[in-house]
Structures are given as structure tokens and as C-alpha cells.
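Hi,

Here is the structure I said I would pass on to you. Have a look at it first, and then read my notes below.

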Amino acid sequence: ASKTELEKKKILITAGPTYEKIDPVRFIGNYSSGKMGFALAEACARKGAEVVLIAGPVSLKVNHPNIKRIDVESAGEMYQAAISEFPTSDAAVLCAAVADYRPENQEPEKIKRETKGDMMLHLVPNKDIAASLGAIKRENQILVGFALETKDEIFHAESKLQRKNFDFIVLNSLRDQGAGFRCDTNKIAIIDRLGEKIEYPLKSKQEVAADIINKLATLLK
Ligand code: C5P
């Protein structure tokens with residue numbers, strides 16, 4: 001993407017995992033490192049975009065004057081931040097691995113081990129941030145989603161593209177070596193609403209970010 005295509009565009013990026021509290025010392029989380037989202041944020045900022053990076057709990061740092069970072073912990077907090085920033089954004093790239101469920105109750109005190117028997121945790125669904133943004137998306141806004149799958153990758157990615165009203169979806173499979181969580185590399189395919197599917201080779205997350213941004217730039221006017 002040339003500098004001008006992203007210049008002055010406001011781009012919202014979600015990154016990292018979410019933590020859903022069980023009690024004051026425990027949570028339900030996932031293996032997302034945030035590396036892909038942070039690479040995207042930095043690449044967009046270098047191209048002159050005004051980036052809002054909503055980050056779940058990660059150990060990464062950003063250092064660019066064009067990046068406004070909002071740190072959140074739970075899916076609920078990420079939802080609130082995303083819903084308030086999206087209406088003024090030109091595009092959103094939803095990279096975060098958001099928990100689909102949270103414990104119904106957060107215990108105020110540390111849960112003690114029972115002397116016998118199983119432990120039950122009742123989970124309730126979180127709001128789907130991507131689908132919520134897809135539902136309020138305007139004509140001139142671009143919404144990009146991710147799909148990390150373990151099987152039937154293309155089928156699931158295409159159904160998410162439609163269901164969440166994405167303009168395109170970035171697919172990565174845990175079946176590919178060097179792709180997905182925690183790695184410094186990724187192997188993606190991009191599927192858009194016209195049914196075009198491009199498969200990319202294994203690359204660094206920085207190079208993958210550039211490919212995603214090039215695709216985004218073709219859709220931003
Ligand atoms: O359905 P699934 O979680 O696999 O969809 C993945 C896409 O949806 C990603 O872009 C992810 O960031 C987004 N998502 C979200 N809010 C959720 C769950 C997923 O934004 N609660």
C-alpha cells in the first residue's frame with residue numbers, strides 16, 4: 001500500500017487474548033500472543049493511519065505516535081471499547097482471540113478445593129464483537145475478520161465472512177506449521193466477498209501484516 005491510501009484513515013485493531021475472571025486469582029484465557037495485531041497496528045501507523053489498538057492482556061509494547069493503545073482484560077471490556085471507537089473509524093481489523101464464554105459468576109474470594117467431587121463452572125456467552133460491528137457497519141466502512149481453524153477451514157471462514165458481515169477474512173490454520181498462536185510467522189489465506197481466495201506462503205508476521213494492509217488499501221477510498 002502506498003502511504004497515501006492509509007494516510008489519515010482511522011483504523012481500529014483488536015489484538016491479543018481476553019481473560020475471563022473466575023475468582024481473584026484465576027481466569028479462562030487462550031494462547032493468543034497479540035503479535036499479529038501489534039504487527040498490523042505498527043504497519044498501519046507507519047503508513048500514516050491513525051490507529052486505535054484495543055489490546056487484551058499481552059506482554060508486548062508499541063511505540064509509535066500514531067497508535068492510541070487501549071488496554072482491556074475481558075471480552076466485555078473489549079466490546080465496550082470497540083463499540084465506542086468503531087463509528088468514527090474507517091476500518092476495523094479484528095485480530096483478537098475473544099473468549100466466547102465467561103463464568104456466570106466471578107467469585108469475590110479465591111475458590112477453595114473441595115475435599116471430594118467434581119467442580120462445576122457455569123459459563124454464559126459473551127457478545128460477538130465482530131458480529132456487532134458488522135451489524136452497524138456503514139457503506140464506507142471496511143471490516144476485516146480473522147478465522148483460526150483446526151479443520152474445515154475454508155467452510156468456516158466463508159460462513160464467518162457472511163455471518164459477521166466482513167469485507168474480507170484472514171484465515172490461518174493450526175494444521176499449518178508455523179502458523180497461528182505465539183509464532184513469529186504466519187501462513188494465511190484471504191477470502192473476500194466476491195469469493196476471491198488468495199493463499200500466501202509462510203512469512204513473518206510483519207510481512208503478513210503488509211499483505212493484509214495491501215488488501216485493505218484496495219478497499220479504502
Ligand atoms: O467465530 P470466531 O470467534 O472464530 O470468529 C473469529 C473472528 O471474530 C475474529 O475476527 C475475532 O476477532 C472475532 N470475534 C469477536 N468477538 C467475539 C468472538 C470473535 O470480535 N466474541
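What follows is a short tour of what turned up, from the overall fold to the ligand shell.

First, keep in mind that this is a predicted model. The secondary structure of the protein adds up to six helices and 14 strands. Along the principal axes, the C-alpha atoms take up a box of roughly 65 × 35 × 30 Å. The radius of gyration is 18 Å, which agrees with a compact globule, because a chain of 221 residues packed that way would come out near 17 Å. As for burial, 38% of the 221 residues count as buried. If you take the contacts with a separation of 6 or more, 62% of them are between residues 24 or more positions apart.

Now the main sheet. Eight strands make up an open sheet with mixed pairing, and the order across it is S5-S4-S1-S6-S9-S10-S12-S13. At the edges sit S5 (67-71) and S13 (197-199), each of which pairs on one side only. On average, neighbouring strands here are turned by 15° against each other, if you ignore direction.

At the S13 edge, three bridges link that strand to S12 (residues 188-192), and the two run antiparallel. If you want a spot to zoom in on, Ile190 stands opposite Ile198 in S13. Towards the other end of the order, helix H2 (residues 35-46) lies across S1 (10-15), S4 (50-55), S5 and S6 (91-94). Relative to S1, H2 runs at about 165°.

There is also a hairpin, made by S2 and S3 with two residues between them. Strand S2 (residues 20-23) and strand S3 (residues 26-28) run antiparallel and are joined by three bridges. In that pair, Glu20 faces Ile28 of S3.

Then the part you will probably open first: what surrounds the ligand? The shell has 14 residues, and those that come nearest are Leu94, Val98, Ile129, Ala130 and Gly145. By class, the shell breaks down into eight nonpolar, three polar and three charged residues. Helix H4 (129-136) and strand S9 (142-149) each contribute at least two residues to it. Which element gives the largest share of the shell? That is S9, with three residues. Strand S9 is also one of the eight strands of the open sheet, placed between S6 and S10 in the order.

That's the lot from me for now. Shout if anything looks odd on your side.

Cheers

Conventions. Residues numbered from 1 in each chain as written. Predicted model: local features only at pLDDT ≥ 70, side-chain atom pairs only at ≥ 80, totals over all residues. Pairing = 2+ DSSP bridges. Helix = DSSP H or I, 4+ residues; strand = E, 2+ residues; numbered from the N terminus. Near = placed C-beta within 6 Å. Nonpolar A, V, L, I, M, F, W, Y, C, P; charged D, E, K, R; others polar. Rg over C-alpha atoms; globule rule 2.2 N^0.38 Å. Buried ≥ 20, exposed ≤ 12 C-beta atoms within 10 Å, placed from the backbone. Contact = placed C-beta atoms within 7 Å. Axes fitted to C-alpha atoms, helices over the stretch in contact; angles between N-to-C directions.
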